[in-house]
Amino acid sequence: MILSFGLVLTAIFIYLYKRYVPVFGVKCLKAIEIMETDAFKIIDVRDFNYVHTTFPNAVNIPVAYLQRNYKELKGESVIIVASSHLEKNISVRFLMNKGIKVVGYEIIGATCKCHKLKTV
């Protein structure tokens with residue numbers, strides 16, 4: 001009984017961790033910095049229906065379609081554009097697990113402590 005309770009509690013903890021705990025090492029960037037760079041591929045993970053502002057040269061792959069389309073991004077460094085922290089956390093963790101380097105992110109409509117983008 002205690003073992004099954006522990007397993008359920010662990011599963012709930014892992015679920016909450018993957019969705020709500022920020023990914024360390026991935027920096028928040030300003031939109032103007034994202035638009036000025038050509039060194040990284042911009043991936044817009046917002047849903048097609050809710051994209052009101054677009055980024056030039058961005059590829060729109062909603063979070064729900066990442067599993068199907070992540071192979072197009074192999075070997076590239078990407079910047080994520082999301083509409084919420086939840087979308088950002090899920091997409092960054094998924095792409096990093098697939099071996100894709102995520103350099104930074106932008107959450108539309110949210111403010112954050114922005115860092116300077118270092119081009120490689």
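What follows walks through the fold, the core and the surface of this predicted model.

Start with the overall layout. The chain has four helices and five strands, and reading along the sequence gives the pattern α-β-α-β-β-α-β-α-β. Of its 120 residues, 32% count as buried. Contacts lean heavily on distant parts of the sequence: taking those between residues at least 6 apart, 71% join residues at least 24 apart. As for the outside, the accessible surface comes to about 8000 Å², and carbon and sulfur atoms account for 60% of that.

The five strands line up in an open sheet, ordered 1-5-4-2-3, with parallel pairing. Sitting at the edges are strand 1 (27–28) and strand 3 (58–60), each of which pairs on one side only. In general, strands of a sheet pair through backbone hydrogen bonds, in either a parallel or an antiparallel way. Here, strand 2 (residues 41–44) and strand 4 (residues 77–82) run parallel and are joined by four bridges. One residue-level example is I42, whose bridge partner in strand 4 is I79.

Now for the core. Nonpolar side chains tend to be buried together in soluble globular proteins. In this model the largest nonpolar core counts 18 residues, and the members touching the most other members are I43, V78, I80, L95 and V102. Strand 4, helix 4 (85–97) and strand 5 (101–107) each put in at least two residues. V78 makes a handy case to look at up close. Leaving out residues up to four places away in sequence, V78 touches K41, I43, L95, I100, K101, V102, V103 and G104. Three of the names on that list, I43, L95 and V102, also belong to the group with the most contacts to other core members.

Not everything nonpolar is tucked away, though. V8, I12, Y15, L16 and Y20 make a nonpolar surface patch of about 520 Å². Y20 belongs to helix 1 (residues 2–20), and Y20 counts as exposed because its relative accessibility is 51%, with the cut-off being over 50%.

A little further along the chain is G25, which lies in the loop between helix 1 and strand 1. G25 is also exposed, since its relative accessible area of 69% passes that cut-off. For all the sequence between them, G25 and V103 have C-alpha atoms separated by 8.4 Å, although the two residues are 78 apart along the chain. V103 turns up in the core story too, as one of the residues touched by V78.

Conventions
Residues are numbered from 1 along each chain as its sequence is written. This is a predicted model: local features need pLDDT of at least 70, side-chain atom pairs count only at pLDDT 80 or more; totals for chains, interfaces and linings use all residues. Side-chain values use heavy atoms; hydrogens and water are left out. Two strands pair if DSSP finds at least two bridges between them. A nonpolar core is a set of buried Ala, Val, Leu, Ile, Met, Phe, Trp, Tyr and Cys residues joined through side-chain atoms within 4.5 Å. Buried means under 20% relative accessible area, exposed over 50%, partly exposed in between (1.4 Å probe, protein chains only). Contact means heavy atoms within 4.5 Å. Patches are made of residues with over 30% relative accessible area and no salt bridge: like charges are joined within 9 Å, nonpolar side chains (Val, Leu, Ile, Met, Phe, Trp, Tyr) within 5 Å. Accessible areas come from the Shrake-Rupley method with a 1.4 Å probe; for residues, only the protein chains shown count as cover. A salt bridge is a side-chain nitrogen of Lys or Arg within 4 Å of a carboxyl oxygen of Asp or Glu.
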